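Dear colleague,

Please find the structure below for your study. A short account of what was found in it follows.

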Amino acid sequence: MLSLHTLNPQQRLAVETLDGPVLILAGAGTGKTRVITYRIAHLIARGIPSDNILGVTFTNKAAREMQERVAKLVARPARNRKTGVRGAQGTPGAEASSRPTLCTFHSLCVRILRQHIEKLGYKRNFVIYNESEQLGALRKVLARLSVKGEKVDAPTVLHWLSRLKNAGDEGAFAAGPIECEIAQQIRPRYESALRACNAVDFDDLILLTLRLFEEQPDALEACRTKYRYVMVDEYQDTNAAQFKLVHALTSTHRNLCVVGDDDQSIYGWRGAQISNLLEMEKHFPEVKVIKLEQNYRSTNTILNAANAVIKHNLRRRGKHLWSQKGDGPKVNLYTFKNEEEEARTIVEQINFARLARRTPLAEHAILFRTNAQSRPLETALRQAGVPYHLVGGQSFFDRREVRDFLAYLKTFLNPRDDVSLLRIANVPARGMTDVTMERLLAASHEHKISVFDVMKNPAVVATFQARTAQSIEAFVQLVEQTRDRLLHGTLAGLPRPLQTWAEEFLDRVGYFNDLRRLEKTAEAAEARIRNLKELMATLDGGESGSPPASERLERFLEEISLDSDRNDKDEAHGDSVTLITMHSCKGLEFPNVYVVGMEDGLLPHARSKEEGTLDEERRLFYVAITRAMRGLTISHCATRQKFGKPAVCHPSPFLKDLPPELVEHADQKATRPVPVESAKSMFDVVRAGLD
């Protein structure tokens, strides 16, 4: 039996309120994930079938954490020693595969579309384009389209298209008239280019599901029947399309539980609508609102500072965070001459804490508003020999060799995926130049067929020189033979590891040797090869049984396409300082937090006054404050380099919101910021004492 005695009264109320619409206002550090997972486990304990429960969140990392925690709370599968059958403890013979659906919005839509997308005219084996593939398709469209003399780049247009799609309707697209016109003009051509390749992008996953629900009521009813209890995490971050999806699934049975915090709504710039949470009663008048206000992360000094800041936002649901951790130290507030002094002093304090107090570097995080602010901090950390990691940077899946390999796999599964095929048709070089590929692409536009179909057309191939024609025919043969082996031949139904096949294939076509030839050093080439082998080791997914090779590859590519939140936050970095933007730090916590650059124009950002987003900037400061568990240091500079010259800076107006009794100014402390020369001698003394 599931025990709820470890929950506080409000958490327990949230867990036990199962039927009807529920809004759980979960303040920072109040045990949100704990409540969600206990609520799911409690539903199961009360007899709700697991496969009738749906939990939706925004990142695969959050979904995996929910899955793991729910699995620990509900009865684990145990093997019956007599029969060898796996079942749940206490329920012999129960199917271990019966579990709640806990996933992201995009994963949910993929599940639905894989079953029903043929009703919309797509094939069931559609591919999901990542950003680089979207840009490739968009550049093809822009190359054929003149937009009233406007010069626009593909990444900018892609951003406009995404905002247009997620706005729910074109009138809600918050951009200038030129941007709206360009996005509306390009959208049908871009969507047509994707559809020709049987491809969809991330935004399409939700929009196509909504279209399916509108055009196929039976599909909607099947989903409503299956998902009778729906929970949505981080509800304040949902956009218009996601709201429509949730409403479509729950408007009949109304068993919707949303969890969120309007005070942490910081993604308006990418389409999030705080009104979805603030106006919950508009769509569900009978909603029960439960507040979680006991914080398990921070001291009361930090929480009182955060409460004082956020109360100046008038459009919010009131809540007051508190803790049983005591008051703790005051908030340190520093004024520095410039960003170099700011960075150097903070690094000295971190280094001193490591040497004098044995405080691990991993307990320190430096938060900033813009990526450009990391430069002086990184310089100071390098000069001091302090290990650090910058959250962000190049994703593993954006590396050239990884993208090449994934393009090969996508081509074998769907040769009419033009973006993937064009990427690898001449990689490694096989006699098809850029001019050749441009001619093939032009022919595909002319005949309204895929590039691969053009390559198979003898009349078109005959227009090329003999050597080029042979190269095209050889490439077509390579794709068709490999595809046949994967789908129907020696690899299709055999348990042979795909990892072995993939390594042999890349070696046979000369890709490994091509990397060794192109890289400047042998070490760089081997590093790329290691990356590929690391990826290929995950091809089979570690599953028991032997699904067909094509199924394994489809699942592998689908997981990679959907796992957009893979980044440095998920990686182990040893004992090192974390450098991270305020937007990236939500959901994280650190014993000691340094919030730098608290200047007017940085936070709040200069654009916020023009765009009317001052409240969101204040919420961003609130999020930064509430990452701190024990120590919080805030700093600003008198001058900062702008366009290569020092510019006068003014303190952020948000600093005035901090209660004076909670703040300790640097010039009022007995210990002033330590000059570099003094710090070096101090470190020498400390090291000598430690030795």
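A residue is called buried under 20% relative accessible area, exposed over 50%, and partly exposed in between (1.4 Å probe, protein chains only). This is a predicted model, in which local features need pLDDT of at least 70, side-chain atom pairs count only at pLDDT 80 or more, and totals for chains, interfaces and linings use all residues. Residues are numbered from 1 along each chain as its sequence is written, and side-chain values use heavy atoms, with hydrogens and water left out.

Glutamate 480 counts as partly exposed because its relative accessibility is 35%. Contact here means heavy atoms within 4.5 Å. Leaving aside residues up to four places away in sequence, glutamate 480 touches Phe452 and Lys456.

The largest nonpolar core (buried Ala, Val, Leu, Ile, Met, Phe, Trp, Tyr and Cys residues joined through side-chain atoms within 4.5 Å) has 50 residues. Those with the most contacts inside this core are Phe405, Met455, Leu506 and Leu539. Among the residues that leucine 506 touches, not counting those up to four places away in sequence, are Phe405, Tyr408 and Met536. A second, separate core has 47 residues, including Leu120 and Val258.

Zero disulfides (pairs of cysteine sulfur atoms within 2.5 Å) are present in the structure. Why does cysteine 109 have no bond to cysteine 103? The sulfur of cysteine 103 is the closest cysteine sulfur to that of cysteine 109, but at 8.6 Å it is too far for a bond. Cysteine 109 is buried, with a relative accessible area of 0%.

Yours faithfully
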